[in-house]
Amino acid sequence: MSREADRPVFAATLRPQRSLDRSGLWVAAGVLGAAGTAIAVLFLALGAWPVVGFIGVELALVIAVLLLHHRLGRTSEEVVLDGRALTVTRRRGRRMVTRWEFPPGWLRVTVVDDEHGRPAGVLLASHGRRLAVGRFLSAEEQAAFAAALRAALAAWRAPYGAAC
């Protein structure tokens with residue numbers, strides 16, 4: 001019985017969309033560095049040497065933002081429904097950040113919008129606890145994920161209904 005309860009009924013791993021992998025990030029940083037260096041040399045040749053420092057600061061900020069964006073792209077959310085609970089594990093990089101468990105019998109799944117009408121995630125709510133997952137997904141992806149999770153929860157709640 002415990003093996004049956006431990007087997008996942010539904011499992012999904014949610015990750016943000018990122019267009020650059022690690023090598024693409026280094027290529028982009030190299031291209032930005034080369035272009036910044038060429039512009040700095042041009043201004044230095046024109047005698048506007050104070051501009052060179054501003055170009056260096058600007059390049060450092062742009063590359064730092066690219067690195068931060070890449071690092072945040074390694075965030076993932078694992079949603080697993082087994083015979084006992086719905087478990088959400090949010091990871092940042094390789095280390096686990098947080099884990100939540102919800103009883104699936106009373107779990108409500110809704111797609112929520114923020115005050116401006118933009119998608120704000122899929123809200124999981126049960127017994128006064130709420131958690132938004134998939135905030136980085138598009139509106140269509142959030143709706144598809146919520147529909148799949150609702151279907152899995154309906155199958156979990158009525159396992160013998162399909163046999164009749």
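**Exercise 1. In which loop does H127 lie, and is H127 buried or exposed?**

Solution. Start with the place of H127 in this predicted model: the residue sits in the loop that joins β6 (119-126) to β7 (129-133). Next, look at the backbone. H127 is not a glycine, yet its phi is positive, at about 55°. Finally, check the surface. The relative accessible area of H127 is 60%, and the cut-off for exposed is over 50%, so H127 is exposed.

**Exercise 2. Find E101 and decide how it should be classed by its relative accessibility.**

Solution. First locate the residue: E101 belongs to strand β4, which covers residues 95-102. Then take its relative accessibility, 46%. Exposed needs over 50% and buried needs under 20%, so E101 counts as partly exposed. Now look around it. Setting aside residues up to four places away in sequence, E101 touches A85, L86, T87 and R129. For a longer view, try A29: this residue is 72 residues from E101 along the chain, and their C-alpha atoms are separated by 41 Å.

**Exercise 3. Which residues is F10 in contact with, leaving aside its neighbours within four places in sequence?**

Solution. Begin in strand β1 (residues 10-14), where F10 is found. With those neighbours left out, the contacts of F10 are V79, V80, L81, F145, A148, L149 and A152. Next comes the accessibility step: F10 has a relative accessible area of 13%, and buried means under 20%, so F10 is buried. As a last step, compare sequence with space: F10 and L20 are 10 residues apart in sequence, but 29 Å lie between their C-alpha atoms.

**Exercise 4. How do helices α2 and α3 pack, and which residues meet?**

Solution. Two packed helices are described by the angle between their axes and the distance between the axes. Here α2 (residues 22-45) and α3 (residues 50-72) pack at about 170°, and their axes are 9 Å apart. Angles over 145 degrees count as roughly antiparallel, which means that α2 is roughly antiparallel to α3.

Now list the residues that meet:

- From α2 come R22, L25, A28, A29, L32, G33, G36, T37, I39, A40, F43 and L44.
- From α3 come V51, V52, I55, L59, V62, I63, L66, L67 and H70.

Sorted by class, this contact has 16 nonpolar, four polar and one charged residues.

**Exercise 5. Zoom in on V52: which residues does it contact, leaving aside neighbours within four places in sequence?**

Solution. Place V52 in helix α3. Its contacts, with those neighbours left out, are A40 and L44. You have already met both among the residues of α2 that touch α3. Another residue of that group is G36: it is 16 residues from V52 along the chain, with 9.0 Å between the two C-alpha atoms. To finish, V52 is partly exposed, at a relative accessible area of 27%.

**Exercise 6. How many cavities of 30 Å³ or more does a search of the whole structure find, and what lines the largest cavity?**

Solution. Rolling a probe the size of a water molecule over the atoms shows where empty space is left. The search finds one cavity of 30 Å³ or more. About 40 Å³ of space lies in the largest cavity. Its lining is made up of L25, W26, A29, I63, L66 and L67. The elements giving two or more residues to this lining are α2 and α3. By class, the lining has six nonpolar, no polar and no charged residues.

Notes:
Residues are numbered from 1 along each chain as its sequence is written. This is a predicted model: local features need pLDDT of at least 70, side-chain atom pairs count only at pLDDT 80 or more; totals for chains, interfaces and linings use all residues. Side-chain values use heavy atoms; hydrogens and water are left out. Axes are lines fitted to C-alpha atoms, for helices over the stretch in contact, and angles run from 0 to 180 degrees between N-to-C directions. Helices (H or I, at least four residues) and strands (E, at least two) are DSSP runs, numbered from the N terminus. Angles under 35 degrees count as roughly parallel, over 145 as roughly antiparallel, 65 to 115 as roughly perpendicular and the rest as oblique. Contact means heavy atoms within 4.5 Å. Ala, Val, Leu, Ile, Met, Phe, Trp, Tyr, Cys and Pro count as nonpolar, Asp, Glu, Lys and Arg as charged, and the others, Gly among them, as polar. On a 1 Å grid over the protein atoms alone, a cavity is a set of points where a 1.4 Å probe fits but cannot get out, and a pocket is an open set with protein on both sides within 12 Å along at least five of seven lines; lining residues have an atom within 4 Å of a point. Grid points are joined across faces, edges and corners, and a volume is the space filled by probe spheres set on the points. Buried means under 20% relative accessible area, exposed over 50%, partly exposed in between (1.4 Å probe, protein chains only).
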